[in-house]
Amino acid sequence: MSNTGWITIGIIVLVCIFTFREELRKLLNRATGFKIPGYFELQTTITPLGQTTVSNPSGSVAANEPVGTRVSYIDPTHSFRLTWPAGGEWIQDDTLAASMGAALFIAYHQAFGNFTPNVNVTVEEIGNATISTWMELGNQGLSKLGCKVLETSQDPTTQSGVRVFRNENFDGTLYQIQRVILSQARAYIATGSKLEADHSALPELYEQMRGILNSFQVL
């Protein structure tokens with residue numbers, strides 16, 4: 001993949017990381033007071049990737065995954081979990097993640113023009129903000145950047161949500177799909193980026209991306 005491709009990815013990821021950080025740090029402390037019960041209904045929504053999980057799933061999904069078919073990553077510092085297909089089509093890049101301030105960065109092995117499909121996870125300190133407050137601030141920030149927020153869904157029970165926005169600040173419009181989970185005064189954000197103009201080779205790729213985002217959970 002060319003350096004130009006990686007630079008373009010870097011700009012997109014950095015926008016996600018730094019857009020709202022200062023505003024969120026200035027939030028007044030608010031007690032969330034939520035408790036996850038032993039059982040709850042897992043909420044989903046439809047995004048450009050298909051049916052996408054809104055809730056932070058309880059328990060472990062690892063038992064439902066055939067051994068050897070997926071890479072299962074548990075972050076040692078922030079205790080979130082993400083899985084992706086094994087076999088080398090999705091590549092973890094720790095160097096790029098560190099340079100961008102992301103906790104995790106994985107990219108598809110193939111670029112399409114100057115865009116490489118990717119999923120990244122960032123973690124932000126946010127105090128005691130609720131999911132509704134955090135999402136609203138984020139929506140406002142994205143609008144100021146010229147992005148169009150298409151959908152937000154929230155699950156107050158697990159303090160989690162999904163945001164879909166259209167990013168035209170790019171040579172080839174992107175849909176960006178975020179799963180957000182608030183836990184322990186932090187926002188955990190997994191973002192997948194999808195070209196608006198699909199190529200014939202991409203349907204299976206984006207089905208894989210949906211599975212990656214749906215595997216995201218804070219332990």
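Q: Buried means under 20% relative accessible area, and exposed means over 50%. Is Ser193 buried or exposed in this model?
A: The model is predicted. Ser193 has a relative accessibility of 1%, so Ser193 counts as buried. Ser193 belongs to strand 11.

Q: What does the side chain of Ser193 make a polar contact with?
A: The partner is the side chain of Gln176, at 2.9 Å. A polar contact requires a pair of N or O atoms within 3.5 Å.

Q: How far is the C-alpha atom of Ser193 from that of Leu49?
A: The two C-alpha atoms lie 9.7 Å from each other, while the residues are 144 positions apart along the chain.

Q: What share of the contacts in the protein chain with a separation of 6 or more is between residues 24 or more positions apart?
A: That share is 58%.

Q: How much of the protein chain is buried, and how much area does the chain expose?
A: The chain has 219 residues, and 51% of them count as buried. The exposed area is about 10200 Å², with 51% of this area supplied by carbon and sulfur atoms.

Q: How many helices and strands are there?
A: The protein chain has 5 helices and 12 strands.

Q: Which sign does phi have in most residues other than glycine?
A: Phi is negative in most of them. Ser79 is not a glycine, yet its phi is positive, about 60°. Gln184, also a residue other than glycine, has a positive phi near 55°.

Q: Where do Ser79 and Gln184 sit?
A: Ser79 is in the loop between strand 3 (70-74) and strand 4 (80-85). Gln184 is in the loop between strand 10 (174-183) and strand 11 (186-195).

Q: Why does Gln184 count as exposed?
A: Gln184 counts as exposed because its relative accessibility is 70%, and the cut-off for exposed is over 50%. Ser79 has 35% relative accessibility and therefore counts as partly exposed.

Q: What is the mean pLDDT of the protein chain?
A: The mean pLDDT is 81, and 74% of the residues reach 70 or more. Over residues 6-39 the pLDDT is below 50, and this stretch has 68 contacts in the model beyond near neighbours in sequence. Residues 60-64 also have a pLDDT below 50, with 4 contacts in the model beyond near neighbours in sequence.

Q: Where should predicted coordinates not be read in detail?
A: They should not be read in detail where pLDDT is low.

Notes. Residues are numbered from 1 along each chain as its sequence is written. This is a predicted model: local features need pLDDT of at least 70, side-chain atom pairs count only at pLDDT 80 or more; totals for chains, interfaces and linings use all residues. Side-chain values use heavy atoms; hydrogens and water are left out. Helices (H or I, at least four residues) and strands (E, at least two) are DSSP runs, numbered from the N terminus. Buried means under 20% relative accessible area, exposed over 50%, partly exposed in between (1.4 Å probe, protein chains only). pLDDT is the predictor's confidence in each residue, from 0 to 100. Contact means heavy atoms within 4.5 Å. Accessible areas come from the Shrake-Rupley method with a 1.4 Å probe; for residues, only the protein chains shown count as cover. A polar contact is a pair of N or O atoms within 3.5 Å; within protein, one must be able to donate a hydrogen and the other to accept it, and residues adjacent in sequence count only if both atoms are side-chain atoms.
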